[in-house]
Amino acid sequence: MTTLERPEIRHTGLLTQSWAIARRNFLHIKRMPEMLMDVTIQPVMFVLLFAYVFGSSIDVATPAGYRAFLLAGIMAQTVAFASFIVAVGLTADLDKGIVDRMRSLPINPAAVLVGRSMSSLAHSSIGLVVMSLTGLVIGWRIHTNPLEAALGYLLLLGWGFAMIWVGIWVGSAMRSVEAVNGVMFATMFPITFLANTFAPTDRMPTFLRLVAEWNPISSLTQAVRVLWGNDQPLAEGAAFPMHHPIPFTIGWIILITAVVAPLAIRTFRRRTAD
Amino acid sequence: MTRTPAIEAEGLVKHFGDTVAVDGVSFVVPEGSVLGLLGPNGAGKTTTVRMMTTLTRPTAGTARVAGHDVLRDPAAVRRSMGLTGQAATVDELLTGRENLRLIGSLYGLDKAYIRRASDELLERFSLSDAGDRIAKTYSGGMRRRLDLAVSLIATPPVLFLDEPTTGLDPRSRVELWEVLRELVADGTTLLLTTQYLEEADQLADNIVVIDRGTVIAEGTPLQLKDQSGAAALVVTVSQAPDLEAAQALMRPHVREVHVDAGARQLTAPAEGLGHMTRIAGLFEESGIVLDDIGLKRPSLDDVFLHLTGHRAEALPGTDADEPDQPDRQPDHQPDHQSAGDPAGEVSR
């Protein structure tokens with residue numbers, strides 16, 4: 001053999017490239033199904049734990065009781081954790097040199113991030129399906145029309161999208177998967193608990209209640225509850241976002257994305273360009 | 001014969017904050033040849049490769065790969081080259097075949113081609129049986145071979161290998177050399193960095209020695225060896241008592257003789273092949289039995305010592321390319337970089 005066959009390198013679009021990378025991430029899940037634990041066993045466990053262990057001592061005024069109230073909260077928490085998934089995956093790829101390998105290929109450098117986002121949204125969607133099924137089993141129902149029901153899911157996924165940028169930011173800034181775990185646990189847990197996700201806010205101490213009701217996660221949770229007919233009548237003195245949860249949620253999604261996305265891209269570029 | 005250079009580095013400079021990792025490196029690699037970029041840890045080898053493969057933007061200078069400028073047309077550079085970094089960057093959770101398919105589809109190759117090329121590459125790298133196993137189960141040598149196979153899926157005319165055999169056992173190393181020789185025989189241009197002098201000696205047509213970010217020597221392995229001093233004529237006698245007679249026999253015919261009694265060896269400055277043959281004839285007539293007579297060229301290790309004043313492998317890493325921190329920036333400089341980064345690297 002003296003001359004090699006040099007195959008044609010076709011120009012591919014960002015979407016094709018991102019899909020190839022997303023498909024690789026799905027293969028990871030296939031090889032390590034335990035990667036799905038954060039959107040399957042963990043939230044289901046939370047649902048059961050809160051519904052049956054704490055639920056009996058938490059009073060809510062929704063028609064279907066605490067379990068119906070709980071579900072939107074758990075879902076909001078789970079999509080917020082999408083940032084976790086993205087950050088851990090990205091840090092691992094950066095750390096192992098996979099990102100550099102991709103960058104040495106004739107592809108749009110953004111494909112690495114877009115592919116990661118696509119698989120993350122799929123990951124979160126699996127979680128939403130699992131939790132909806134769990135909810136149906138324990139007595140949760142959507143009481144509104146299909147349009148509002150769909151809008152509820154859409155807001156959750158939109159939230160997941162905003163959280164992807166947070167994940168890219170943290171993932172690009174951290175040097176190891178352990179560091180990502182540390183940072184994310186230390187921030188995401190308090191943020192998702194100091195809210196209306198698991199318990200009504202009206203009996204919290206005044207200051208805490210204010211923080212909880214202005215917490216973006218509370219807007220999301222409240223919006224989904226309203227859209228699904230799982231909300232309870234607003235308590236006396238509820239903060240402003242609780243009265244308008246849907247526009248607030250949309251606003252938060254746009255604001256978080258607009259602020260964090262440029263930061264995330266900048267950090268990612270700094271991390272990789274030198 | 002003049003050939004188009006496949007790789008040209010032109011005054012490449014890279015600063016990380018106050019640290020100067022690469023300080024004006026230039027060289028030319030003719031098409032179809034092998035350049036060994038030789039230097040100790042921290043010499044700037046990896047940073048140089050990262051600049052030539054569009055992963056890092058040079059502070060100054062530029063490079064061309066297959067005629068394409070890394071600054072002006074990075075996309076064309078990426079289409080013309082393959083890169084295998086210091087750490088085997090295969091995806092551990094994917095099978096060998098899936099790794100090949102992933103990179104092949106990112107190159108935009110068609111499915112049927114990828115399937116065919118994957119089979120051929122797995123075969124060529126003795127991975128056919130392991131092709132459907134996940135890479136996590138591979139040995140170090142297998143991962144390296146898969147890594148190389150992945151870089152070859154689009155048959156790039158230019159291949160960059162950053163310390164391709166670091167961490168391999170001697171047998172895997174020799175096997176990898178074999179594969180690399182085949183690639184070059186097929187017309188691929190190779191640039192490999194190494195801190196193993198033997199590796200450069202074995203594979204490279206030309207060697208560029210860099211130390212502390214600058215080129216300190218350049219030439220064929222032979223030229224470099226010649227540069228660092230003359231060869232020696234080494235005579236080993238069978239019986240130690242003959243040493244004295246042997247020394248007396250040689251003295252009139254050489255400039256000086258050094259006797260190493262323990263090794264039963266006499267060493268003299270070499271004066272060419274004919275001279276050695278004459279001396280061998282004298283011993284033949286004298287009846288002194290020899291174990292061995294021959295010319296000994298300085299090894300590249302001697303060359304390195306001569307050029308840098310320090311041994312190649314004993315030097316502690318100073319900055320940019322520690323083997324444990326493969327193909328990424330050194331840890332001490334993340335805060336200083338890329339203020340003037342080119343726009344659109346990610347958002348384009």
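**Strand S8 of chain B and a helix pair of chain A**

In the predicted model, both faces of S8(B) are covered, with Thr189(B), Leu191(B) and Thr193(B) buried on one side and Leu190(B), Leu192(B) and Thr194(B) buried on the other. In a regular strand, side chains alternate between the two faces of the sheet. Strand S8 of chain B spans residues 189-194, and 6 of its 6 residues are buried.

S8(B) takes part in two parallel pairings. Strand S3 of chain B (residues 34-38) pairs with S8(B) in the parallel sense over 5 bridges; within S8(B), Thr194(B) is the bridge partner of Leu38(B). Strand S7 of chain B (residues 158-162) likewise pairs with S8(B) in the parallel sense, over 5 bridges, and Leu161(B) has Leu192(B) as its bridge partner in S8(B). Both of these partners in S8(B), Thr194(B) and Leu192(B), belong to the buried residues described above.

In chain A, helix H7 (residues 146-173) packs with helix H12 (residues 245-273) at an angle of about 25°, the axes lying 8 Å apart. Angles under 35 degrees count as roughly parallel, and H7(A) and H12(A) are therefore roughly parallel to each other. Their crossing is left-handed. Residues of H7(A) that meet H12(A) include Leu155(A), Gly158(A), Trp159(A), Trp165(A) and Trp169(A). On the H12(A) side, the residues in contact include Ile253(A), Ile256(A), Val260(A), Leu263(A), Phe268(A) and Arg271(A). By class, the contact of H7(A) with H12(A) comprises 15 nonpolar, 5 polar and 1 charged residues.

Methods:
Residues are numbered from 1 along each chain as its sequence is written. Chains are lettered from A and ligands numbered from 1 in the order in which they are written. This is a predicted model: local features need pLDDT of at least 70, side-chain atom pairs count only at pLDDT 80 or more; totals for chains, interfaces and linings use all residues. Axes are lines fitted to C-alpha atoms, for helices over the stretch in contact, and angles run from 0 to 180 degrees between N-to-C directions. Helices (H or I, at least four residues) and strands (E, at least two) are DSSP runs, numbered from the N terminus. Angles under 35 degrees count as roughly parallel, over 145 as roughly antiparallel, 65 to 115 as roughly perpendicular and the rest as oblique. A crossing is left-handed if the near helix is turned anticlockwise from the far one by less than a right angle, and right-handed if clockwise. Two residues are in contact if their C-beta atoms, placed from the backbone, lie within 7 Å. Ala, Val, Leu, Ile, Met, Phe, Trp, Tyr, Cys and Pro count as nonpolar, Asp, Glu, Lys and Arg as charged, and the others, Gly among them, as polar. A residue is buried if 20 or more other C-beta atoms lie within 10 Å of its own, exposed if 12 or fewer, and partly exposed in between; C-beta atoms are placed from the backbone. Two strands pair if DSSP finds at least two bridges between them.
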